[in-house]
Amino acid sequence: MATTLAFDVYGTLINTHGVVSLLENMVGDNAHAFSTTWREKQLEYSFRRGLMQNYVPFSVCTEQALDYACLLHKVTLSDEQKAQLLALYKTLLAFDDVKAGLESLKAQNYRLFAFSNGAASAVNTLLEAAGISDYFEGVVSADDIKTFKPNPGVYSHFLREAHSTGANTWLISSNPFDVIGALSHGMRAAWIQRSNEAIFDPWELEPTTTACDLHDLKTKLASNNE
């Protein structure tokens, strides 16, 4: 049975800080800090919503996190500016290594799936805009069961939808919480450390392997599957 790879999308394949260039026109030198706050709060809101069982789509978490970033950084954005940022979030670019990396992994007969907190429609739009949708057998979304990673039910949902098993499936993510969630559910997991400054949570669980990008991932997967 071919090994299944479950790719996280936001932050792993798609560069969520692709909004910085537009933000620079709106908030100037504060763009990077603003973008970081927006992303961190987006994830925090999904965690909190999942724990409270007070579900809203991931796009709502994104919108509310944008409002929070404006408040924290004391920035006033017009409704039009916010709409521009949220529209851009739907068509962000992939990291430079992604297209060739996915092509190479597909050529090795791995089964590739996109696996995201985002709604399937939003993820499909994002993948198509990035020119990488054809590499995936399908998109599996946490939205289907109205909760968010790292709820264990999300990983069970993926395995059911992909017709795979934990032992035969790798979660591929740059988000440590996602890697830990998959490991806790009996899957193997590769952490994509896209920055030397990125830190993996010092828990009792460590990634099955760590790679700096998808080219490195191919090598690491090969060595782990020997």
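**Buried polar residues, internal spaces and salt bridges**

The side chain of Ser173 is joined to that of Asp178 by a polar contact of 3.3 Å, a polar contact being a pair of N or O atoms within 3.5 Å, where within protein one must be able to donate a hydrogen and the other to accept it, and residues adjacent in sequence count only if both atoms are side-chain atoms. The model is a predicted one, in which local features need pLDDT of at least 70 and side-chain atom pairs count only at pLDDT 80 or more, whereas totals for chains, interfaces and linings use all residues. Residues are numbered from 1 along each chain as its sequence is written, and side-chain values use heavy atoms, with hydrogens and water left out.

Ser173 belongs to strand S4 (residues 169-173); helices (H or I, at least four residues) and strands (E, at least two) are DSSP runs, numbered from the N terminus. With a relative accessibility of 0%, Ser173 is classed as buried, the classes being buried under 20% relative accessible area, exposed over 50% and partly exposed in between (1.4 Å probe, protein chains only). When neighbours within four places in sequence are set aside, the contacts of Ser173 (heavy atoms within 4.5 Å) are Asp8, Thr12, Asp178, Val179, Ala190, Trp191 and Ile192.

A second buried position is Arg111, whose relative accessible area is 16%. Arg111 is located in strand S2 (residues 111-116), and its side chain makes a polar contact of 2.9 Å with the side chain of Thr4. Residues up to four places away in sequence being excluded, Arg111 touches Ala2, Thr3, Thr4, Leu5, Glu137, Ala162, His163 and Ser164.

Internal and open spaces were examined next. Rolling a probe the size of a water molecule over the atoms shows where empty space is left. On a 1 Å grid over the protein atoms alone, a cavity is a set of points where a 1.4 Å probe fits but cannot get out, and a pocket is an open set with protein on both sides within 12 Å along at least five of seven lines; lining residues have an atom within 4 Å of a point. Grid points are joined across faces, edges and corners, and a volume is the space filled by probe spheres set on the points.

The search of the whole structure yielded 1 cavity of 30 Å³ or more. The largest cavity holds about 60 Å³ of space, and its lining consists of Asp8, Tyr10, Arg39, Leu43, Phe58, Ser116, Asn117, Lys149, Asn175 and Phe177. This lining comprises 4 nonpolar, 3 polar and 3 charged residues, where Ala, Val, Leu, Ile, Met, Phe, Trp, Tyr, Cys and Pro count as nonpolar, Asp, Glu, Lys and Arg as charged, and the others, Gly among them, as polar.

The largest pocket has a volume of about 650 Å³. It is lined by 24 residues, of which His17, Arg39, Ser174, Asn175 and Ala198 are the closest to its centre. Two or more lining residues each come from helix H2 (31-52), helix H8 (176-184) and strand S5 (188-192), with H2 giving the most, at 6 residues. By class, the lining of the largest pocket contains 10 nonpolar, 9 polar and 5 charged residues.

For the second largest pocket the volume is about 320 Å³. Its lining has 16 residues, and Tyr10, Ser59, Leu86, Lys90 and Ala122 lie nearest the centre. Helix H3 (58-72), helix H4 (79-89) and helix H6 (120-130) are the elements that give two or more residues to this lining, which divides into 8 nonpolar, 6 polar and 2 charged residues.

Side chains of opposite charge can pair when their charged atoms come close. With a salt bridge defined as a side-chain nitrogen of Lys or Arg within 4 Å of a carboxyl oxygen of Asp or Glu, the count is 9 salt bridges. In one of them, the closest N and O atoms of Lys149 and Asp8 are 3.2 Å apart. The pair connects distant parts of the chain, 141 residues apart: Lys149 is in the loop between strand S3 (138-141) and helix H7 (152-162), and Asp8 in the loop between strand S1 (4-7) and helix H1 (20-27). Both Lys149 and Asp8 are buried.

Within helix H2, Glu44 and Lys41 lie 3 residues apart, about one turn of the helix, and form a salt bridge with closest N and O atoms 3.0 Å apart. Glu44 is partly exposed at 28% relative accessible area, whereas Lys41 is buried at 13%. A further salt bridge joins Lys82 and Asp67 (2.9 Å, N to O); Lys82 lies in helix H4 and Asp67 in helix H3, so the bridge ties together parts 15 residues apart in sequence. Asp67 is partly exposed, at 30% relative accessible area. Finally, Asp8, Lys149 and Asp178 are joined into one network by salt bridges that share partners.
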